[in-house]
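Here are a few worked exercises to go through with the viewer open. Try each task yourself before reading the solution.

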Amino acid sequence: MIQYQNEQLTIYMSQLFKTTSTVIATDDCILLVDPNWLPQEIDTIQATIAEIQNGRPLYLLFTHSDWDHIIGYGAFPDATVIASEAFQKRADKEQIVEQIRTFDDDYYIDRTYPLHYPTVDIVIGQDAQTLTIGQTKMTFYLANGHTNDGLFTIIEPLGIWLAGDYLSDVEFPYIYDSSYAYEETLAKVDVILQRHDIHYLIPGHGHMTTDKEEMIKRQQESFTYIKALRECILQQKDSEHLIENYAYPRNMRAFHQANIRLMEGEQ
C-alpha cells in the first residue's frame, strides 16, 4: 500500500513487517530504495517507475544487505546500484540469496525475475561522501550496528532522509552487528539534523515522519533501549519490560532475545 505520496516522493509499505520501499523523482533522476517484498508489491513499484521515468536514469539504493531489503533487485536490471563498500564486500552473499529462496519456497512464491545479490556500481566508503546528479545531491553516512554495511542517505534539496533499519516507530533496535556501533550511528542523528534541512525521515520499517521532535524521540528511545538492556545484562536482571510497549510480542521477543545474546558476548 502507499503510505505517503506527493509529486516527488512515494513511500510504499509492504504487508510484511511494515517494510518500506521508496521512489523519489527529481528533475534529474529516479531513485528507488530497497524494493520489497511480495511479487505483486514489486510489480506495482515497476509500474510506477515505468509511468514516471520519462527518460530519466534509474538509481537503485540499498540501505543495507538484509535479504528482505534486496529481494526486489532482479526486477530492475537497468538500474545503477548504490550501496556501501561493506555491502559490496560481503563474503556471505550466496547465503543471503538463499534466505530469499527459502522464503519463497516456504510460501510457494513465484517471481518473474532472477534472484541475485546486487552488483554495486557506485560504492560508498566514508561519511559525508556525496553523489551529485544535476541539481540532485545525495549525501551518505555509514550506519553500522544493525548490520555492518548500512547507510543513511540524505536527498537534497528535497530534505529526504533514508534511514534504513534505524529510527523506526514500530521496532526497537534489532542489533546484528554491534550495540556500540549502533550507538555511534544514533549519534549521527544530531550531526545530520545540524547539517541538513530534513523534511522527511523514512525508516526501513514503519512510518515516515516530518516532525523533527519525533525524529529525536526515536533516537532517544533507541539509545534508552540499548543502555537499559546493557545494564540489565550487567546486573543479571530480567529485561522483558523494555519491550512491553511494542506491538507483535510473539515475533519481537525473539529479536530481543537475540539482542541479549549478542550483547552478552560484548561484555
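**Exercise 1.** Does Arg-253 count as buried, partly exposed or exposed?

*Solution.* Keep in mind that this is a predicted model. Start with the cut-offs: buried is under 20% relative accessible area, exposed is over 50%, and partly exposed is in between. Arg-253 comes out at 37% relative accessibility, so Arg-253 counts as partly exposed. Next, look at its partner: Arg-253 makes a salt bridge with Glu-240, with 3.1 Å between the closest N and O atoms. Glu-240 sits in the loop between H6 and H7 and Arg-253 in helix H7, so this pair ties together parts 13 residues apart in sequence. Glu-240 is partly exposed too, with a relative accessible area of 25%.

**Exercise 2.** Work out which parts the salt bridge of Lys-227 and Glu-183 ties together.

*Solution.* First get the distance: the closest N and O atoms of Lys-227 and Glu-183 are 3.4 Å apart. Now place the residues: Lys-227 is in helix H6 and Glu-183 in helix H5, so the bridge links parts that are 44 residues apart in sequence. Then check accessibility: Lys-227 is partly exposed at 49%, whereas Glu-183 is buried with a relative accessible area of 10%.

**Exercise 3.** Check the span of helix H6 against what you'd expect from its residues.

*Solution.* Helix H6 covers residues 212-234, which is 23 residues. The expected span is 1.5 Å times one less than the number of residues. That should give 33 Å, and the end C-alpha atoms are 33 Å apart, so the two agree. Now the ends: at the N-terminal one, Asp-211 acts as a cap, a side-chain oxygen lying 2.9 Å from the backbone nitrogen of Glu-213. Just after H6, Gln-236 has a positive phi of about 55°. Finally, the packing: the buried residues of H6, including Met-215, Phe-223 and Leu-229, pack against helix H5, strand S12 and helix H7.

**Exercise 4.** Describe how strands S8 and S9 pair.

*Solution.* Strand S8 spans residues 129-133 and strand S9 residues 136-142; they pair in the antiparallel sense over 5 bridges. To get the register, note that Gln-129 is opposite Phe-140 in S9. The hairpin has 2 residues between the strands, and Gly-134 takes a positive phi near 60° there.

**Exercise 5.** How many salt bridges are there in the count?

*Solution.* The count comes to 14 salt bridges. One of them joins the side chains of Glu-94 and Arg-101, at 2.6 Å from N to O. Elsewhere, a network of salt bridges links Arg-90, Asp-92 and Asp-149.

Definitions and conventions:
Residues numbered from 1 in each chain as written. Predicted model: local features only at pLDDT ≥ 70, side-chain atom pairs only at ≥ 80, totals over all residues. Heavy atoms only, no water. Helix = DSSP H or I, 4+ residues; strand = E, 2+ residues; numbered from the N terminus. Buried < 20%, exposed > 50% of the residue type's maximum accessible area, 1.4 Å probe, protein only. Contact = heavy atoms within 4.5 Å. Polar contact = N/O pair within 3.5 Å; in protein donor to acceptor, adjacent residues only side chain to side chain. Pairing = 2+ DSSP bridges. Salt bridge = Lys/Arg side-chain N within 4 Å of Asp/Glu carboxyl O.
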